[in-house]
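Reader: I would like to learn how to read a structure like this one, feature by feature. Could you take me through it slowly?

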Amino acid sequence: MDPVYSHIDANKDRFINLLGEAIAIPSVSGDAAQRPSVLAMGQWLVQQLERLEFSSIVQRNPGTQELQGVTLALPPVILATYGTDPSKPTVLVYGHYDVQPALKEDGWKYDPFQMVVEEETGRIYGRGSTDDKGPILAWLWVVETYKALGKELPVNLKVCFEGMEESGSEGLDDIIKEEANNYFKDVDCVCISDNYWLGTKKPCLTYGLRGVSYFMLEISGPAKDLHSGVFGGTVHEPMTDLFHVMSKLVTPQGKILIPGIYDDVAAVTTQEDALYSNLDFSLADIHNATESETTIHGSVRDTLMHRWRFPSLSLHGVEGAFYAPGAKTVIPAKVTGKFSIRSVPNQTPERIAELVKEYVEGEFAKLKSRNTLKFDAPQGGKAWVADVNSWNFVAARSAIEKVFNTSPDLTREGGSIPVTLTFQEALNKSVLLLPMGRSDDGAHSTNEKIDTLNYIEGIKLLATYLEEVAVVAKE
């Protein structure tokens, strides 16, 4: 692998600059005004695939969506193939080219859509640097490296890149199921690089993810916003009702108060419990990541179990409320509270939604308010757990040992990538999460970054993983 590694090192600046081009495209899928940028990002990727001579490039149309009062075309799901040798295993890699919203005034050190490389820290700042533009480009630079060296890729490679992951992967599940016996029929395994190391020093392999169910509670009353001096104390106020209902969802210690929510949670087995021993993680890691000492639990084991394998409920915000600086004595006519539940095996989005709806409607009824409650569950995805002893994991473990000279931690993630379970169920193949970034990368947050070491060594890791797949698949 020395020639491959040397070529990647020699092209470090070029690979970083190309990442900068991608970061500069503000492909925010949750903002209707940025939909043209999401489409532009997709076309930028197609151009790269064409330049690298991928074949059978297909842009599947997932349909349309209603977003912020506008009917929009969903970004294409991009499928492409590199190599069709029947004697080689076929690896399908997935990633997404959309990103979370980001504004400089949210607290970013730099413009979030202008890449900045800090020479003193080696950090590459920019929205999408680690989630997920850096990782998906790394797969392409592996192909570019082999082409430049005149080497054959050791496997056939298929890619599936979508532009709606940050907004529920709308339309993707149907395409995967439709292509299971078509475009994906020869796939032997799936690899996804869209998550992060447990800490900041040691690589890991991820075998589980929590699911996510998102909810919105809209409470409305007056036909328009009202003056609190004129109407305060005389009308039922939507904000007051909303705060009462949302205060009944979860305790400050993280216990979900919705009856029945824990009934389907899988029990911790002895084998699973053993995986929590000797992980390269301390409470200091989470303190550093959050820049605070606000953890609920006092031990690493309890902290990780509540992050990985127990459900949690988080309150996210209130739409329609006054939030600008200064004082404004307004009574909002309509407010929408937003929260989500991270689910675990064996919970289902359908059952969770039933329990939440029944509970919040019951709590609202207790208020005897004349306002109106509207419940919405716009998205839900199941949790995923894989077999850490499958050949796909054996190959990835060997690759990490060769690139980083250490054995990886075996971890789960508290976050959600619903498509992981879809691939596993639709293709009936091993699915692996092979992270590039570190736990402190700040995905979804301000100052998102990927360290130069993780980006460049990550390209080497993905190349080595493909080599190890080719070896293990023949055994």
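Author: Let us start with a pocket, and with the kinds of residue found around it. In this model, which is predicted, the lining of the second largest pocket is made up of eight nonpolar, four polar and three charged residues.

Reader: How much space lies in the second largest pocket, and which residues that line it are the closest to its centre?

Author: The second largest pocket holds about 290 Å³ of space. Of the 15 residues in its lining, those closest to the centre are Tyr-207, Thr-269, Glu-272, Leu-275 and Val-385.

Reader: A pocket is open, so I would next like to hear about closed spaces. How many cavities of 30 Å³ or more does the count come to?

Author: The count comes to one cavity of 30 Å³ or more, and about 40 Å³ of space lies in the largest cavity. Its lining consists of Tyr-196, Trp-197, Leu-198, Cys-204, Arg-307, Trp-308, Thr-411, Arg-412 and Glu-413, and these divide into five nonpolar residues, one polar residue and three charged ones.

Reader: Which helix and which strand each supply at least two residues of that lining?

Author: They are helix H10, residues 300-308, and strand E18, residues 409-413. Strand E18 gives the most to the lining of the largest cavity, namely three residues.

Reader: Now to the sheets. In what order do the four strands of the open sheet lie, and which are its edge strands?

Author: For a sheet, one reads the order of the strands and then the sense of their pairing. Here the order is E13-E15-E11-E16, and the pairing is antiparallel. The edge strands, each of which pairs on one side only, are E13 (312-319) and E16 (372-381). On average, and with direction ignored, neighbouring strands of this sheet are turned by 20 degrees against each other.

Reader: Over how many bridges do E13 and E15 pair?

Author: Strand E13 and strand E15, the latter covering residues 334-343, pair in the antiparallel sense over seven bridges. To find one such place in the model, look at Ser-312, whose bridge partner in E15 is Arg-342.

Reader: Which helix packs on this sheet and touches E11, E13 and E15?

Author: That is helix H7, residues 238-246, and its direction makes about 15 degrees with that of E15. Another helix, H11 (residues 349-366), lies across E11, E15 and E16, and it runs at about 165 degrees to E16.

Reader: What is the strand order in the open sheet of three strands?

Author: The three strands follow the order E6-E7-E20, and their pairing is antiparallel. Strand E6 and strand E20 (449-451) are the edge strands, each pairing on one side only. Here neighbouring strands are turned by 20 degrees against each other on average, with direction ignored. Strand E6 pairs with strand E7 (residues 123-125) in the antiparallel sense over three bridges, and Val-116 stands opposite Tyr-125 of E7.

Reader: Let us end with a single residue of E6. Does Glu-118 count as buried or exposed, and why?

Author: The relative accessibility decides this, and a residue under 20% is called buried. Glu-118 counts as buried because its relative accessibility is 6%. Glu-118 lies in strand E6, residues 116-118, and, leaving aside residues up to four places away in sequence, it touches Lys-109, Tyr-110, Arg-123 and Tyr-125.

Note on methods
Residues numbered from 1 in each chain as written. Predicted model: local features only at pLDDT ≥ 70, side-chain atom pairs only at ≥ 80, totals over all residues. Heavy atoms only, no water. Buried < 20%, exposed > 50% of the residue type's maximum accessible area, 1.4 Å probe, protein only. Contact = heavy atoms within 4.5 Å. 1 Å grid on protein atoms, 1.4 Å probe; cavity = no way out; pocket = protein on both sides within 12 Å on 5 of 7 lines; lining within 4 Å. Points joined across faces, edges and corners; volume = space filled by probe spheres on them. Nonpolar A, V, L, I, M, F, W, Y, C, P; charged D, E, K, R; others polar. Pairing = 2+ DSSP bridges. Axes fitted to C-alpha atoms, helices over the stretch in contact; angles between N-to-C directions.
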